[in-house]
Amino acid sequence: MYTCAQRFSEIYVTFSLFAFQEPVVLTDTNLVYPAMKWDLEYLQENIGDGDFSVYVAKTHKFLYYDEKKMVNFKNFKPKSRRAEMKFSEFAEKLGKIEQGGSRYYLQQTLNDTVGKKIVMDFLGFNWNWINKQQTKRNWGQLTSNLLLVGMEGNVTPAHYDEQQNFFAQIKGYKRCILFPPDQWHHIESLLNGGITITVNFWYKGAPTPKRIEYPLKSHQKVAIMRNIEKMLGEALGEPQEVGPLLNTMIKGRYD
């Protein structure tokens, strides 16, 4: 029998993990309850006539890269490309997928071009709960709400997020695999699970504390790695040189 004590224990553990900025799976927040009816048909009828960012790849792997920065590197060959299309065009392409053909992954910030029903659904999200979490965690402002619609089998390989976020799964099934340090993760839309639909809430992180306490937490180590990676990339001018330089430094000094 499920007791009040067990429920209290679950809540305590959950918010303890939040406090240490560890990944947590939540099942009863009703964060995006009005969107649970969102499927391809509903979105196609109500999402509006705006243009949507759709990533196209020949394989199931979708690797993120900064388009503006990569134009400076002639040797860089992206594994996917971004295309602009109407939602109806995207839905049509999903219905005509052929074995060995291109794969598609819609990743679009929800904006003022969406239809009235989507707006009403959006306003019905559990903003009271999520705003309280933002305040408690001392996070910065909400930067965007990202709608993701992917084919089953699509994969976002191991990466880390540069902002805090709530990842709300609406349709289909996704597997998240964590790698040390704990903020690295791999996300895939499960095969035979159908199309996946997700809304992501992105927030700026909390300000850097004036006093650093040791040992460092995993998210702080990720921040250090991110800053070192950016600094070396800018200093060397070639992203491909970052790995060999770090490898040489580790072998020459720490092995």
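Here is a short tour of a predicted model, going from its sheet to a helix and then to a cavity.

**Stop 1: the sheet.** Start by colouring the strands. Six of them make an open sheet, in the order β2-β1-β3-β4-β9-β6, and the pairing is antiparallel. Now pick out the two edges: β2 is residues 80-85 and β6 is residues 164-171. Each has a single partner strand, so one side of each is left without a neighbour in the sheet. Turn the view and look along the sheet: from one strand to the next, the twist averages 25°.

**Stop 2: the β6 edge.** Keep β6 on screen and add β9, residues 196-203. The two run antiparallel, with seven bridges joining them. For one spot to zoom in on, select Q169 and its bridge partner in β9, T198. If you like to show backbone hydrogen bonds, this is a place to do it, because strands of a sheet pair through them.

**Stop 3: the helix on the sheet.** Next, select α4, residues 87-94, which packs on the sheet. Which strands does α4 touch? Show β1 (52-57), β2, β3 (103-109) and β4 (142-150), and you have them. Compare the direction of α4 with that of β3: the angle is about 155°.

**Stop 4: the cavity.** Last, go inside. Searching the whole structure turns up one cavity of 30 Å³ or more, and the space in it is about 30 Å³. To see its lining, select F52, Q108, T109, L110, N111, T113 and V114. Colour that selection by class and you get three nonpolar and four polar residues, with no charged ones.

Definitions and conventions: Residues are numbered from 1 along each chain as its sequence is written. This is a predicted model: local features need pLDDT of at least 70, side-chain atom pairs count only at pLDDT 80 or more; totals for chains, interfaces and linings use all residues. Side-chain values use heavy atoms; hydrogens and water are left out. On a 1 Å grid over the protein atoms alone, a cavity is a set of points where a 1.4 Å probe fits but cannot get out, and a pocket is an open set with protein on both sides within 12 Å along at least five of seven lines; lining residues have an atom within 4 Å of a point. Grid points are joined across faces, edges and corners, and a volume is the space filled by probe spheres set on the points. Ala, Val, Leu, Ile, Met, Phe, Trp, Tyr, Cys and Pro count as nonpolar, Asp, Glu, Lys and Arg as charged, and the others, Gly among them, as polar. Two strands pair if DSSP finds at least two bridges between them. Helices (H or I, at least four residues) and strands (E, at least two) are DSSP runs, numbered from the N terminus. Axes are lines fitted to C-alpha atoms, for helices over the stretch in contact, and angles run from 0 to 180 degrees between N-to-C directions. Contact means heavy atoms within 4.5 Å.
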